[in-house]
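Student: I would like to learn how to read a structure feature by feature. Could you take me through this one?
Tutor: Gladly; here it is.

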Amino acid sequence: MGRVVVVGSLNSDHTVRVKRHPEIGQTVIGLSYARALGGKGFNQAVTAARQGADVVMVGCVGDDSDGGDLVRALAEAGADVGYVRRHAELPTGRAHITVDGAGRNSIVVVPGANAGVSFPSAALEGASVLLAQLEVPLDVVAAALFVARNAGVTTVLNPAPAQPLSDRLLSMVDYLMPNETEAQLLGEVAYTGTAIVTQGERGSLLLRPGQPDVRIDALHVDVVDTTAAGDAFCGCFAAALASGLPLEEGLRRANAAGAHAVTVHGALPSLPTAHDVNSLLG
């Protein structure tokens, strides 16, 4: 299997479960609290590694216990952590997650040390795929995409959290992977590559210029927590690309990865192995 380089966020996740999300100005009583490891970059790197890909993580954590835990967990998953910087002044990033009784989540991210990440071109040595998100500074994402494009590396961008993106940045993306909300927030953009829109229980939609749209149906599972489902999808898809699988087969595996993730509480525990994906696909 080929090498996947992930440039992205590394966070400590703090999750509160509630019966329902609070309205503006309202206080509700939480049912439980848990602290775990996460961040879109972390989740996607761990998923790709658990699929069997050779993964290199590029990111930044604080010189604190949370940062140490994240680096150890990445290494235990099999990822190369040689390009994860330990920042002496900024604390490790945090995500504050609220999950309601239907498994739906809302998330607030405090970037912390994620703001201190940089992208060394040496990280792309031997890479097949570059996978990025938008929880790190946009100029770092743009630099990574530029270096990867010039090196002939396939580029994948998960535009989350959604924000305006320039035509120049989008021109360096081979696969754009938003969810439905993020796709709407992107608005009218001049993107001419392949788009894959994740649609939750309706699966995913493959959009290619000049070709008919293709829907990849979701697998029906019992939903307990949607946290990290999109990250599982993206990480599994990047691993499939790096392994040379046909596009639609890779998307079926990614759908199965997302389906597995929603059946398990928390981010890191829900990220599937190749065996988990294979079991869902039968």
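Tutor: Let us start with a definition: a salt bridge is a side-chain nitrogen of Lys or Arg within 4 Å of a carboxyl oxygen of Asp or Glu. Keep in mind as we go that this is a predicted model.

Student: With that in hand, which residue forms a salt bridge with Glu180, and how far apart are the closest N and O atoms?
Tutor: The partner of Glu180 is Arg202, and their closest N and O atoms are 2.4 Å apart. Glu180 belongs to helix α5 while Arg202 sits in the loop between β11 and β12 (204–207), so this pair ties together parts that are 22 residues apart in sequence. Glu180 is partly exposed at 30% relative accessible area, and Arg202 is also partly exposed, at 39%.

Student: Which residues are joined into one network by salt bridges that share partners?
Tutor: Arg35, Asp66, Asp69 and Arg72 form such a network. Within it, the side chains of Arg35 and Asp66 meet at 2.4 Å, N to O. That pair links distant parts of the chain, with Arg35 in strand β3 (residues 32–38) and Asp66 in helix α2 (residues 65–77), 31 residues apart. Arg35 is partly exposed at 36% relative accessibility, whereas Asp66 is buried at 12%.

Student: How many salt bridges does a search of the whole structure find?
Tutor: The search finds 10. One more to look at is Arg104 with Asp100, whose closest N and O atoms are 2.9 Å apart. To read its surroundings, recall that buried means under 20% relative accessible area and exposed means over 50%. Arg104 has 52%, so Arg104 is exposed; Asp100 has 2%, so Asp100 is buried.

Student: Let us turn to rings. Why is the pair of Tyr175 and Phe237 edge-to-face?
Tutor: The angle between the planes decides this, and planes over 60 degrees apart count as edge-to-face. The planes of Tyr175 and Phe237 stand at 75 degrees, with ring centres 5.5 Å apart, so the pair is edge-to-face. The structure holds one aromatic pair, and this pair links distant parts of the chain: Tyr175 is in strand β10 (residues 175–176) and Phe237 in helix α6 (residues 229–243), 62 residues apart.

Student: Is Tyr175 buried or exposed? And is Phe237 buried or exposed?
Tutor: Tyr175 is buried, with a relative accessible area of 16%. Phe237 is buried as well, with 1%.

Student: How should I read a pocket? How many residues line the largest pocket, and which lie nearest its centre?
Tutor: Begin with the space, then ask who lines it. The largest pocket holds about 1,300 Å³. Its lining has 47 residues, and Asn105, Asn179, Thr226, Ala229 and Gly230 lie nearest the centre. By class, 22 are nonpolar, 17 polar and eight charged.

Student: Which element gives the most to that lining?
Tutor: Helix α6 does, with five residues. Among the other elements that each supply at least two residues are β2 (11–17), β7 (105–110) and α7 (247–261).

Student: How do I describe the setting of a single residue, such as Thr198? What does Thr198 touch?
Tutor: Place the residue first, then check its accessibility and its contacts. Thr198 is in strand β11 (residues 194–198) and counts as buried at 18% relative accessibility. Leaving out residues up to four places away in sequence, Thr198 touches Pro178, Asn179, Glu180, Gly203, Ser204 and Phe233. Glu180 is the residue we met in the salt bridge with Arg202.

Student: And a whole helix? How many residues of α1 are buried?
Tutor: For a helix, count the buried residues and then ask what covers them. In α1, 10 of the 11 residues are buried, which leaves this helix mostly covered. The buried residues include Phe42, Val46 and Ala48. What covers them includes β1 (3–7), β3, β4 (54–62), α2, β8 (127–132) and α6. Just after α1, Gly52 takes a positive phi of about 105 degrees.

Student: Where does Gly78 lie?
Tutor: Gly78 is in the loop between α2 and β5 (80–87), and is partly exposed at 47% relative accessible area. Its C-alpha atom is separated by 9.7 Å from that of Ala48, 30 residues apart along the chain.

Notes: Residues numbered from 1 in each chain as written. Predicted model: local features only at pLDDT ≥ 70, side-chain atom pairs only at ≥ 80, totals over all residues. Heavy atoms only, no water. Phe/Tyr/Trp six-rings, centres within 6.5 Å; stacked < 30°, edge-to-face > 60°. Helix = DSSP H or I, 4+ residues; strand = E, 2+ residues; numbered from the N terminus. Buried < 20%, exposed > 50% of the residue type's maximum accessible area, 1.4 Å probe, protein only. 1 Å grid on protein atoms, 1.4 Å probe; cavity = no way out; pocket = protein on both sides within 12 Å on 5 of 7 lines; lining within 4 Å. Points joined across faces, edges and corners; volume = space filled by probe spheres on them. Nonpolar A, V, L, I, M, F, W, Y, C, P; charged D, E, K, R; others polar. Contact = heavy atoms within 4.5 Å.
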